[in-house]
Amino acid sequence: MFERFTKDARAVVEGAVTHSERVGARTVEEEHMLLALLDREGTRGSFALTSLGEAGFRESLERDLAEARRRGGLSRADADALSGLGIDLSEIVSRVEEAHGEGVLEPGGRGGDGRRGRRRPFGQEAKDVLVRALRVATARRDRHIGDEHLLLAITLRGGVAAEALADHGVTYESVTRVLYGGTGVGGENGVAEAG
């Protein structure tokens, strides 16, 4: 699959590894891929993000991602679902952090896993983004996988990164509109089901 990645898509994957290393995460996660996409300039993915994002977009996204990490990687939709069951996630997070320290619930843990000099493995969400990017490219009948396909894959996945992007108007539909003039090709939303 990686032989089909463009130089820009490969740079996003490498940037995601760098972001995970910088924060001491044990695995490369979807949020690291989003941050690496935000780092890019002069690419199709960065064009879509720039076209759709407003002033302070990156800082706001980083705050949203940090808050989700603090919640143990749960999205606001997850927190709302728990609230519907009478579980106050904010209260639980506060109590756990009070007893065990701030950030203790962050997924992937921090440092100390003996990975110096070795690449961190990709977490399941990040792997899902890569597979979905392939499906997006295939559905669009593109011969390559570019950073725009990675962005589209993140918006389709659901979860924390997609939720943070959607809060800023960056959805599969809006990115498709910016990049392709609006219409998808293939199944629902222009992508064959991820399965």
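In the predicted model, the second largest pocket is lined by Leu37, Leu38, Asp39, Arg40, Glu41, Ser46, Leu49, Thr50, Gly53, Glu54 and Phe57. Helices H2 and H3 are the elements that give two or more residues to this lining. The space in the pocket amounts to about 150 Å³.

The chain that carries this pocket has 10 helices and 0 strands, so that the order of elements from the N terminus reads α-α-α-α-α-α-α-α-α-α. Of its 195 residues, 41% count as buried. Among contacts with a sequence separation of 6 or more, 70% are made by residues 24 or more positions apart.

The largest nonpolar core comprises 40 residues, and Met33, Leu49, Leu150, Ile154 and Leu165 have the most contacts inside it. At least two residues of this core come from each of H1 (7-23), H2 (30-39), H3 (44-52), H4 (57-70), H7 (124-139), H8 (147-157), H9 (160-166) and H10 (172-180). Leu49 thus appears both among the core residues with the most contacts and in the lining of the second largest pocket. For Met33, the contacts beyond four places in sequence are Val12, Ala16, Ala126, Val129, Leu130, Leu150 and Ile154. Leu150 and Ile154, two of these partners, are themselves among the residues with the most contacts inside the core. In soluble globular proteins, nonpolar side chains tend to be buried together.

Helix H8 is largely enclosed by the rest of the structure, because 10 of its 11 residues are buried. The buried residues are Asp147, Glu148, His149, Leu150, Leu151, Leu152, Ala153, Ile154, Thr155 and Leu156. The cover over these residues includes H1, H2, H3, H7, H9 and H10. Just after H8, Gly158 adopts a positive phi of about 80°.

His32 lies in helix H2. With a relative accessible area of 4%, His32 falls under the 20% limit and is therefore buried. Apart from neighbours within four places in sequence, His32 is in contact with Ala16, His19, Ser20, Val23, Ala25 and Thr27. Ala16 is also touched by Met33.

Leu65, in helix H4, has a relative accessible area of 1% and is likewise buried. The C-alpha atoms of Leu65 and His32 are 9.8 Å apart, at a sequence separation of 33 residues. When residues up to four places away in sequence are not counted, Leu65 touches Glu31, Leu34, Leu35, Val160 and Ala161.

Thr27, one of the contacts of His32, is also linked to a distant part of the chain. Its C-alpha atom is separated by 5.2 Å from that of Pro121, although the two residues are 94 apart along the chain. Pro121 is located in the loop between helix H6 (89-100) and H7. Its relative accessibility of 31% lies between the limits of 20% and 50%, so Pro121 counts as partly exposed.

With respect to aromatic side chains, the structure holds 0 aromatic pairs. A charge over a ring is nevertheless present: Arg140 lies over the face of Tyr180, at 3.5 Å from the ring centre.

Key:
Residues numbered from 1 in each chain as written. Heavy atoms only, no water. Core = buried A, V, L, I, M, F, W, Y, C linked by side-chain atoms within 4.5 Å. Buried < 20%, exposed > 50% of the residue type's maximum accessible area, 1.4 Å probe, protein only. Helix = DSSP H or I, 4+ residues; strand = E, 2+ residues; numbered from the N terminus. Contact = heavy atoms within 4.5 Å. Phe/Tyr/Trp six-rings, centres within 6.5 Å; stacked < 30°, edge-to-face > 60°. Lys NZ or Arg CZ within 6 Å of the ring centre and 35° of its normal. 1 Å grid on protein atoms, 1.4 Å probe; cavity = no way out; pocket = protein on both sides within 12 Å on 5 of 7 lines; lining within 4 Å. Points joined across faces, edges and corners; volume = space filled by probe spheres on them.
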